[in-house]
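Dear colleague,

Please find below the structure that I am handing over to you. Kindly look through it first; my findings follow.

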Amino acid sequence: SGGSLLRYELNHSVPQFRGGYSEEGQYDSEAPVSLILNTQKKCAPCIQTVDNNGNTIVHEAPFELVSSSGLGPSPNVPPRLVFESTHIKGFVIQKTVTFPHDSFVINHHIEIKKNKGGINSVGLVWDKGLRNTEKNISDEVSYSLSSIGMNKTIENITLTPTSISDVVEKKTYNNADWAAIRNKYFIVA
């Protein structure tokens, strides 16, 4: 839904972009670095709306690809995909995803094109996480964290596990300006 990413792998012809984990959790030194944690039906990202009554909805309705550009070999034009909601009652959301050639940054821009009333806000939900990229998981975990930005302050959330079953206590944040998760080399914000 919402033009979610199912797979994101780095170009494995570059030696430092090799080495990664399979879906079964096995490390392969020749596999391309793959950043999306799982391929189950989850959001990477999905569209979330809040109506005038405060009801939050994560939309699993399909989005349609309405245009694309920059998919050829020209490095001057970054690939750009434009999706629109087609099955969400009362409004149309347009999501543009841009993949610059010379950067790991993927930009997601969301715009409400038509709102026939009832929608108060729109946002993104990312529930896939970020796949480990290091063979040495202890090294990877030592750099990993989550961050929340609110009112010009940043709260970092880390986990130093003592066993495989350790988890971070679930916390709710109201009025966050931004959120991010990172591993040793990559960030989703």
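S147 stands opposite N156 in strand 11, and its bridge partner in strand 12 is A180. S147 belongs to strand 10, which covers residues 145–150. Strands, like helices, are DSSP runs numbered from the N terminus: a strand is a run of E with at least two residues, and a helix a run of H or I with at least four. Please note that this is a predicted model, in which local features need pLDDT of at least 70 and side-chain atom pairs count only at pLDDT 80 or more, while totals for chains, interfaces and linings use all residues. Residues are numbered from 1 along each chain as its sequence is written, and side-chain values use heavy atoms, with hydrogens and water left out.

Strand 10 and its partners

Strand 10 runs antiparallel to strand 11 (residues 153–157), and five bridges join the two. Five bridges also join strand 10 to strand 12 (residues 178–182), again in an antiparallel arrangement. Two strands are said to pair if DSSP finds at least two bridges between them. Within the pairing with strand 12, L145 stands opposite R182. R182 also has a bridge partner in strand 13, namely I187. Strand 12 and strand 13 run antiparallel with two bridges between them, and they form a hairpin with four residues in between.

The hairpin of strand 10 and strand 11 has two residues between its strands. What is unusual about the phi of N151 for a residue other than glycine? It is positive, near 50°. K152, which is not a glycine either, has a positive phi of about 65°. N151 lies in the loop between strand 10 and strand 11, and K152 is found in that loop as well. N151 counts as exposed because its relative accessibility is 67%, and K152 is exposed because its relative accessible area is 86%. Here, exposed means over 50% relative accessible area, buried means under 20%, and partly exposed is anything in between, with a 1.4 Å probe and protein chains only.

V188 and T133

V188 sits in strand 13 (residues 187–188). V188 counts as buried because its relative accessibility is 17%. Apart from neighbours within four places in sequence, V188 is in contact (heavy atoms within 4.5 Å) with W126, L130, A179, A180 and I181. V188 and W126 are 62 residues apart in sequence, yet their C-alpha atoms are 8.7 Å apart in space.

Is T133 buried or exposed? T133 is buried, because its relative accessible area is 8%. Its place is in the loop between strand 9 (119–125) and helix 1 (137–143). Leaving aside neighbours within four places in sequence, the contacts of T133 include L35, E140, N183 and F186.

The largest nonpolar core

A nonpolar core is a set of buried Ala, Val, Leu, Ile, Met, Phe, Trp, Tyr and Cys residues joined through side-chain atoms within 4.5 Å. The largest one has 21 residues, of which Y8, L10, L35, F63, F99 and F186 touch the most other members. Strand 6 (80–85) and strand 7 (91–98) each supply at least two residues of this core, and strand 7 gives the most, with three. Beyond residues up to four places away in sequence, L35 touches Y8, L10, G129, L130, R131, T133 and F186.

The second largest pocket

The second largest pocket holds about 350 Å³ of space. It is lined by 13 residues, and Y8, E9, P100, H101 and S103 lie nearest its centre. A pocket is an open set of points on a 1 Å grid over the protein atoms alone, with a 1.4 Å probe fitting at each point and protein on both sides within 12 Å along at least five of seven lines; lining residues have an atom within 4 Å of a point. Grid points are joined across faces, edges and corners, and the volume is the space filled by probe spheres set on them. Eight lining residues are nonpolar, three polar and two charged. Ala, Val, Leu, Ile, Met, Phe, Trp, Tyr, Cys and Pro count as nonpolar, Asp, Glu, Lys and Arg as charged, and the others, Gly among them, as polar.

The chain as a whole

The chain has one helix and 13 strands. Of its 189 residues, 31% count as buried. The C-alpha atoms fill a box of roughly 50 × 45 × 35 Å along the principal axes. Among contacts with a separation of 6 or more, 51% join residues 24 or more positions apart.

Yours sincerely
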